[in-house]
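Here are my notes on this model, set out as numbered points. Please read them with the coordinates open.

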Amino acid sequence: MANLITLSRLLLLMVVVLIAYQPYSWWHVFNVALLILVFVSDGLDGYVARKRNEESVFGAMFDIASDRIAELTMWIVLVDLGIVPVWVPLVFIVRGTIVDTIRANQVTTAHETPFSMLETPLGKWLVAGKFMRAFYATLKATTFCWLLLIQPLPVLLPPLWGSWSWLLEGIGVTLVYLSVLTCVIRGLPVILEFAYKEKDTFAPRRVKLE
């Protein structure tokens, strides 16, 4: 059931993307509500999994994959619409690829869930802590919803946009930079702990000369 909710969330995301490319209308405002539902359901699938005792390594990885698909899809769409610069999704793609590769390797070798692998207190708090996970999810959702919300305003509400565009766009830029910064900060513990564990692998081997 939890995995079905996750799959449904991805299908709803496709509807959001479709509406975002339509000519500006009040449907774009409704589209923000749909996007909110996409991110709210992210917490719902985890809740259902715990209540129905359906927690599994596959479920955790599927949830992370769906989160990654949702955020990268939104960033790429926002770039294509000319709302954010291309370097923003590149940061998320590089960070996500590195972190997910490390997680997949550790899941395969240690058979642990992705968020149970961190060992340092700071790493656990930044990556696996409930507060930081909720903060990061809320920040990304707020960023995407805000950028979609102001997208049609120059056409739907020209007087409002003419008077307050500097503030509305400024809030959007601030949210984007905060999202990027948080993304990088939360990825560092995974990379650093993995590098520390595998330091012997990366260390150059001395060749004994006879």
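1. F39 and F144 are both buried. The model is a predicted one, and this pair is a good place to begin. F39 sits in helix α2, while F144 belongs to helix α6. The two are 105 residues apart, and the pair links distant parts of the chain.

2. How are the rings of F39 and F144 arranged? Their centres are 5.8 Å apart and their planes meet at 20°. An angle under 30 degrees counts as stacked, so F39 and F144 form a stacked pair.

3. The F39 and F144 rings are also part of a cluster. Ring pairs join F39, W75, F92 and F144 in it. The count of aromatic pairs comes to 8.

4. A second stacked pair is F131 with F135. The ring centres lie 6.2 Å apart, with the planes at 15°. Both residues are in helix α6, 4 residues apart, which means a separation of about one helical turn. Is F131 buried or exposed? F131 is exposed, at 53% relative accessible area. F135 is partly exposed, with a relative accessible area of 38%. By contrast, F39 and F144 are buried.

5. Next, the nonpolar interior. The largest nonpolar core has 30 residues. Which of them have the most contacts inside this core? They are L35, W75, F92 and L148. W75 and F92 are also named in the ring cluster.

6. Several helices build this core. Those giving two or more residues are α1 (2-20), α2 (27-51), α3 (57-80), α4, α6 and α8. The most comes from α6, with 7 residues.

7. L35 deserves a closer look. With neighbours within four places in sequence left aside, L35 is in contact with V16, M74, F144, C145 and L148. F144 is thus a contact of L35 as well as the stacking partner of F39. L148 is a contact of L35, and both are listed among the residues with the most contacts inside the largest core.

8. There is also a second core, separate from the one above, with 8 residues. V99, I102, V190 and F194 are among them.

9. Now the second largest pocket. It holds about 300 Å³ of space. Its lining consists of 16 residues. Which lie nearest the centre? I83, V84, L147, I150 and E169 do.

10. Which elements line this pocket? α4 (87-110), α6 (130-150) and α8 (158-197) each give two or more residues to the lining. α8 gives the most, with 6 residues. α4, α6 and α8 also each give two or more residues to the largest nonpolar core.

11. By class, the pocket lining has 13 nonpolar, 2 polar and 1 charged residues. E169, one of the residues nearest the centre, is of the charged class, because Glu counts as charged.

12. Three positions outside the core are worth checking. G82 is in the loop between α3 and α4. G82 is exposed, at 61% relative accessible area. Its C-alpha is 9.9 Å from that of Q151, with the two positions 69 residues apart in sequence numbering.

13. V40 lies in helix α2. Is V40 buried or exposed? V40 is exposed, with a relative accessible area of 54%. Its neighbour in numbering, F39, is buried. V40 and A137 are 97 residues apart in sequence, and their C-alpha atoms are 9.5 Å apart.

14. L90 is a residue of helix α4. L90 counts as partly exposed, at 47% relative accessibility. Between the C-alpha atoms of L90 and W75 the separation is 9.2 Å, and the two are 15 residues apart along the chain.

15. Last, the overall picture. The protein has 9 helices and 0 strands. From the N terminus on, its elements run α-α-α-α-α-α-α-α-α. Of its 210 residues, 40% are buried. Among contacts with a separation of 6 or more, 74% are between residues 24 or more positions apart. The F39 and F144 pair, 105 residues apart, also links distant parts of the chain.

Notes
Residues are numbered from 1 along each chain as its sequence is written. This is a predicted model: local features need pLDDT of at least 70, side-chain atom pairs count only at pLDDT 80 or more; totals for chains, interfaces and linings use all residues. Side-chain values use heavy atoms; hydrogens and water are left out. On a 1 Å grid over the protein atoms alone, a cavity is a set of points where a 1.4 Å probe fits but cannot get out, and a pocket is an open set with protein on both sides within 12 Å along at least five of seven lines; lining residues have an atom within 4 Å of a point. Grid points are joined across faces, edges and corners, and a volume is the space filled by probe spheres set on the points. A nonpolar core is a set of buried Ala, Val, Leu, Ile, Met, Phe, Trp, Tyr and Cys residues joined through side-chain atoms within 4.5 Å. Buried means under 20% relative accessible area, exposed over 50%, partly exposed in between (1.4 Å probe, protein chains only). Contact means heavy atoms within 4.5 Å. Rings of Phe, Tyr and Trp (its six-membered ring) pair if their centres lie within 6.5 Å; planes under 30 degrees apart count as stacked, over 60 as edge-to-face and the rest as tilted.
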